[in-house]
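A structural label is useful when the rule behind it is known. The exchange below asks for that rule each time.

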Amino acid sequence: MRLNKHTYICGDTCVLVPYRKEHVPTYHEWMKSPELLELTASEPLSLEEEYEMQQKWQTDEDKLTFIILARPDDLPADSNLLLTWKEVQRCKMVGDVNLFKPEGGDDAECEIMIAEPGFRRKGIAMEALGLFITYAVHHLPLSPRHFIARIGTANQASISLFERLGFGKVKVVEVWSEAEMRWGWTGGEYDDAWADIHHPDEADAWPKSRLEGRLGHADGDADG
Ligand SMILES: CC(C)(COP(=O)(O)OP(=O)(O)OC[C@H]1O[C@@H](n2cnc3c(N)ncnc32)[C@H](O)[C@@H]1OP(=O)(O)O)[C@@H](O)C(=O)NCCC(=O)NCCS
């Protein structure tokens, strides 16, 4: 999606930036890990295929993605402080967060990965996902209820993360050993119509983060 081609979002622990060509070599290195491939249900790609995939993430209108950078310790973690683009470029790339819209419905399936093990358990995924969903519900025709995640039933870290953000387990698809989670779901018998009940101001039902003072303009080659 071209929506975020020049947008970066500053959090207290992380910065979300558009996925550009310069990120592909690191991304490709990460995705050589069999563990990450399994946890994210991804296929191994050649470097060339990874560049093609980056272009798709940037241009396909059913996909939105940001690379997650860790905010360095020597830059103050003040929630009102927007880093300059120059400062952002000093930050280390540690993961990504994305959504895609499966055909034939309103849902948005989201995924997050903190690929660098040394940057896990620091609250980065929690904050990044909060900022990402806030951005998406305020810029796309999506309500928080449209957000789903499909997570391996053995991936307790990710299941706990999504639960902490207000997702509930709708069902387990035994054949894939996969749990489907949806934001706002609190249990009971699932009815597809539930996700289609909208309120005009439902974006505000996602209270996790605020974006004021956190959005910056990412310079450079939007097609890069
Ligand atoms: C799952 C993952 C994204 C969590 O990232 P993270 O930055 O370490 O998560 P956070 O520090 O923001 O943790 C937020 C909450 O998630 C849960 N959590 C995170 N890691 C966990 C772990 N190893 N075990 C249990 N719960 C965990 C906890 O509830 C945690 O809150 P707490 O620290 O207050 O207990 C990260 O481990 C990862 O990228 N794993 C590999 C890829 C993957 O599984 N992606 C998900 C595919 S949908």
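What follows is a set of questions and answers about this predicted model.

Q: What kind of model is this, and how are its residues numbered?
A: This is a predicted model, in which local features need pLDDT of at least 70 and side-chain atom pairs count only at pLDDT 80 or more, while totals for chains, interfaces and linings use all residues. Residues are numbered from 1 along each chain as its sequence is written.

Q: What pLDDT does the protein chain average?
A: The term pLDDT stands for the predictor's confidence in each residue, from 0 to 100. The protein chain averages 89, and 87% of the residues score at least 70. Among the elements, helix α1 (residues 24-30) has the highest mean pLDDT, 98, and strand β7 (residues 167-173) the lowest, 91.

Q: How many helices and strands does the protein chain have?
A: There are six helices and nine strands. Both are DSSP runs numbered from the N terminus: helices are H or I with at least four residues, strands are E with at least two.

Q: Why is T65 called buried?
A: A residue is buried if 20 or more other C-beta atoms lie within 10 Å of its own, exposed if 12 or fewer, and partly exposed in between, with C-beta atoms placed from the backbone. T65 has 22 C-beta neighbours inside 10 Å, so T65 counts as buried. T65 is found in strand β3. Of the 224 residues of the protein chain, 30% count as buried.

Q: Which residues does T65 touch, leaving out those up to four places away in sequence?
A: They are Y19, W57, D96 and N98. Touching, or contact, means that the two C-beta atoms, placed from the backbone, lie within 7 Å. T65 and F100 are 35 residues apart in sequence and 8.6 Å apart in space, C-alpha to C-alpha.

Q: Why is Y51 called neither buried nor exposed?
A: Y51 has 15 C-beta neighbours inside 10 Å, so Y51 counts as partly exposed. Y51 lies in helix α3 (residues 47-59). Leaving aside neighbours within four places in sequence, Y51 is in contact with K21 and V24.

Q: What is notable about the phi of A41 and S177?
A: A41 has a positive phi of about 50° although A41 is not a glycine, and S177 likewise has a positive phi of about 50° without being a glycine. A41 sits in the loop between α2 and α3, S177 in the loop between β7 and β8.

Q: Why do A41 and S177 get their exposure labels?
A: A41 has 13 other C-beta atoms within 10 Å and is therefore partly exposed. S177 has 12 C-beta neighbours inside 10 Å, so S177 counts as exposed.

Q: How do you know that β7 and β8 pair?
A: Two strands pair if DSSP finds at least two bridges between them. Six bridges join β7 to β8, which run antiparallel. The bridge partner of F167 is W183 in β8. The two strands form a hairpin with four residues between them.

Q: What joins β6 to β8?
A: Five bridges join these antiparallel strands. A149 stands opposite M181 in β8.

Q: What makes a set of residues a nonpolar core?
A: The set consists of buried Ala, Val, Leu, Ile, Met, Phe, Trp, Tyr and Cys residues joined through C-beta atoms within 7 Å. The largest such core here has 47 residues, of which V15, L16, I68, L69, A128, F132 and A136 touch the most other members. Its largest share, ten residues, comes from α5. As for L69, the residues that L69 touches include C14, V88 and M93.

Q: Which residues come nearest to the ligand?
A: R120, A125, M126, A157 and L161 come nearest, out of 23 around the ligand. A residue is near a molecule if its C-beta atom, placed from the backbone, lies within 6 Å of it. Helix α6 gives the most to this shell, with six residues.

Q: What classes of residue make up the shell around the ligand?
A: The shell has twelve nonpolar, six polar and five charged residues. Ala, Val, Leu, Ile, Met, Phe, Trp, Tyr, Cys and Pro count as nonpolar, Asp, Glu, Lys and Arg as charged, and the others, Gly among them, as polar.
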